[in-house]
Amino acid sequence: MCRGAALPNNTPGAPCIFDPQGRAGICGDWLLGSSLENAALSGMSMASHVSICYELTLLGLSCEDD
C-alpha cells in the first residue's frame with residue numbers, strides 16, 4: 001500500500017489556519033508533520049482560535065485581528 005500522501009513534503013509550519021472573518025479554519029497533522037501528536041496540537045490550536053474569537057465576539061469586539 002502506498003502512503004505517500006500521509007507524509008507531506010510541503011507543510012506551512014503553522015498548527016492551524018483560521019480565517020476570523022469567515023469564521024472557518026482547517027487543522028490536521030499535515031500542517032505540522034504526519035503524527036498523532038501533531039494532529040492533537042493542531043486541533044488544540046484551532047480550538048484556542050475559535051474560543052478566543054467567540055469570547056471577543058461576546059465582548060462586542062472583532063476577532064479579525066486575532
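1. A residue counts as buried when its relative accessible area is under 20%, as exposed when that area is over 50%, and as partly exposed in between. These cut-offs are applied below to a predicted model. By this criterion C63, with a relative accessibility of 3%, is a buried residue.

2. Overall fold. The protein contains 1 helix and 2 strands, and their order along the sequence is β-β-α. The strands β1 and β2 span residues 16-19 and 24-27, while helix α1 covers residues 36-58.

3. Burial and surface. The protein has 66 residues, of which 18% are classed as buried. Its exposed area is about 4800 Å², and 57% of that area is supplied by carbon and sulfur atoms. Where contacts between residues at least 6 apart in sequence are considered, 31% of them join residues at least 24 apart.

4. The disulfide. The structure holds 1 disulfide. The bond is formed between C53 and C63, with an S to S distance of 2.0 Å. C53 belongs to helix α1, whereas C63 lies in the segment that follows α1; the two are 10 residues apart, and the pair links distant parts of the chain. C53 has a relative accessibility of 4% and therefore counts as buried. C63 is likewise buried, at 3%.

5. The cysteines C16 and C27. C16 takes part in no disulfide, and the nearest cysteine sulfur to its own is that of C27, 6.9 Å away. Why is the sulfur of C27 not bonded to that of C16? A disulfide requires cysteine sulfur atoms within 2.5 Å. The sulfur of C16 is the closest cysteine sulfur to that of C27, but at 6.9 Å it is too far for a bond. The surroundings of these two residues may also be noted. C16, with 9% relative accessibility, is buried, whereas C27, with a relative accessible area of 37%, is partly exposed.

6. Backbone at R23. Which residue other than glycine has a positive phi near 50°? This value belongs to R23. R23 is located in the loop between β1 and β2. Is R23 buried or exposed? Its relative accessibility is 56%, so R23 counts as exposed.

7. Points to retain. In this predicted model, the β-β-α pattern is accompanied by a disulfide from C53 to C63. C16 remains outside any disulfide, and R23 has a positive phi.

Notes. Residues are numbered from 1 along each chain as its sequence is written. This is a predicted model: local features need pLDDT of at least 70, side-chain atom pairs count only at pLDDT 80 or more; totals for chains, interfaces and linings use all residues. Side-chain values use heavy atoms; hydrogens and water are left out. Helices (H or I, at least four residues) and strands (E, at least two) are DSSP runs, numbered from the N terminus. Buried means under 20% relative accessible area, exposed over 50%, partly exposed in between (1.4 Å probe, protein chains only). Contact means heavy atoms within 4.5 Å. Accessible areas come from the Shrake-Rupley method with a 1.4 Å probe; for residues, only the protein chains shown count as cover.
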